[in-house]
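Please look over the fold below before reading on. The paragraphs that follow start from the interior and work outwards to the chain as a whole and to a few individual residues.

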Amino acid sequence: MSASDQFSLEALAAEVGEQLLANGERLATAESCTGGWVGQCATAIAGSSRWFERGFVTYSNDAKIEMLGVGAEILVAHGAVSEASAAAMALGALCRSRADWALAVTGVAGPAGGSPGRPVGTVCFAWAGPQGRLETETRCFAGDRSAVRAQSVAHALQGLLQRIRRPLG
């Protein structure tokens with residue numbers, strides 16, 4: 001991860017923050033494989049306390065259950081790396097914060113931990129927002145652990161930016 005890549009991620013977070021401020025909204029994050037990197041990018045921006053409400057780093061299944069209320073049955077049936085788990089993480093972050101939007105990231109960053117159904121680089125995302133909005137997506141990123149994590153942070157922020165700019169209806 002180069003300094004310019006980190007700068008790009010923070011610039012993207014700043015853009016998210018500007019849009020949230022313009023909308024009068026706030027963000028909460030629920031992160032697993034990114035280990036708080038989305039929150040770090042957000043809080044690197046001066047004044048982010050006006051739009052970044054809180055972040056949950058829930059790396060273990062127990063943390064997902066205890067901190068976000070993810071149902072153990074979801075983790076058993078679908079696994080931690082699934083759109084169902086990401087959705088539950090995002091909804092849990094929204095319910096356990098004062099935010100208007102929540103994003104969640106859970107995946108297999110590698111180098112180990114992959115399986116035939118979920119190879120290294122598989123990352124699931126969820127974005128939850130006002131009026132019951134909830135969208136999920138799975139991506140498979142190439143590269144080493146650092147590259148997978150950086151691409152995940154970028155995708156989570158880009159996905160949020162698209163959604164907060166898109167009107168309901």
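In this predicted model, the largest nonpolar core, meaning a set of buried Ala, Val, Leu, Ile, Met, Phe, Trp, Tyr and Cys residues joined through side-chain atoms within 4.5 Å, has 30 residues, and those with the most contacts inside it are Val16, Leu27, Leu103 and Leu160. Buried here stands for under 20% relative accessible area, exposed for over 50%, and partly exposed for what lies in between, with a 1.4 Å probe and protein chains only. Two or more residues of this core come from each of helix H1 (3-23), helix H2 (37-43), strand E3 (101-107), strand E4 (122-128) and helix H6 (145-165), where helices (H or I, at least four residues) and strands (E, at least two) are DSSP runs numbered from the N terminus. H6 gives the most, with nine residues. Val16 touches Trp51, Leu157, Leu160, Leu161 and Ile164, leaving aside residues up to four places away in sequence; a contact requires heavy atoms within 4.5 Å. Apart from this core lies another, of 21 residues, among them Phe56, Ala80, Val81 and Ala88.

Residues are numbered from 1 along each chain as its sequence is written. Because the model is predicted, local features need pLDDT of at least 70 and side-chain atom pairs count only at pLDDT 80 or more, while totals for chains, interfaces and linings use all residues, and side-chain values use heavy atoms, with hydrogens and water left out.

How many of the five residues of strand E1 (residues 27-31) are buried? Five of the five are, so the strand is largely enclosed by the rest of the structure. In a regular strand the side chains alternate between the two faces of the sheet. In E1, Leu27, Thr29 and Glu31 point one way and Ala28 and Ala30 the other way, and all are buried. E1 pairs with strand E2 (residues 52-57) in the parallel sense over five bridges, pairing being assigned if DSSP finds at least two bridges between two strands; within E2, Phe52 is the bridge partner of Leu27. Between these strands the chain crosses from E1 through H2 to E2 in a right-handed β-α-β crossover, that is, with the strands pointing away from the viewer, the path from the first strand over the helix to the second runs clockwise. E1 also pairs with E3, in the parallel sense and over five bridges, and there Thr29 stands opposite Leu103.

For the chain as a whole, the secondary structure comes to six helices and five strands, and from the N terminus on the elements run α-β-α-β-α-α-α-β-β-β-α. The radius of gyration, taken over C-alpha atoms with a globule rule of 2.2 Å times the number of residues to the power 0.38, is 15 Å, close to the 15 Å given by that rule for 169 residues, so the chain is as compact as a globular protein of that length. Buried residues make up 49% of the 169 residues.

Some individual residues complete the picture. Ser85 lies in helix H5 (residues 83-95) and is buried, with a relative accessible area of 0%; its contacts, not counting residues up to four places away in sequence, are Ile74, Leu75, Gly79 and Ala80. The peptide bond from Gly110 to Pro111 is cis, with omega near 5 degrees, and Pro111 is found in the loop between E3 and E4. Gln131, in the loop between E4 and strand E5 (134-140), has a positive phi near 55 degrees although it is a residue other than glycine, and at 70% relative accessibility Gln131 counts as exposed.
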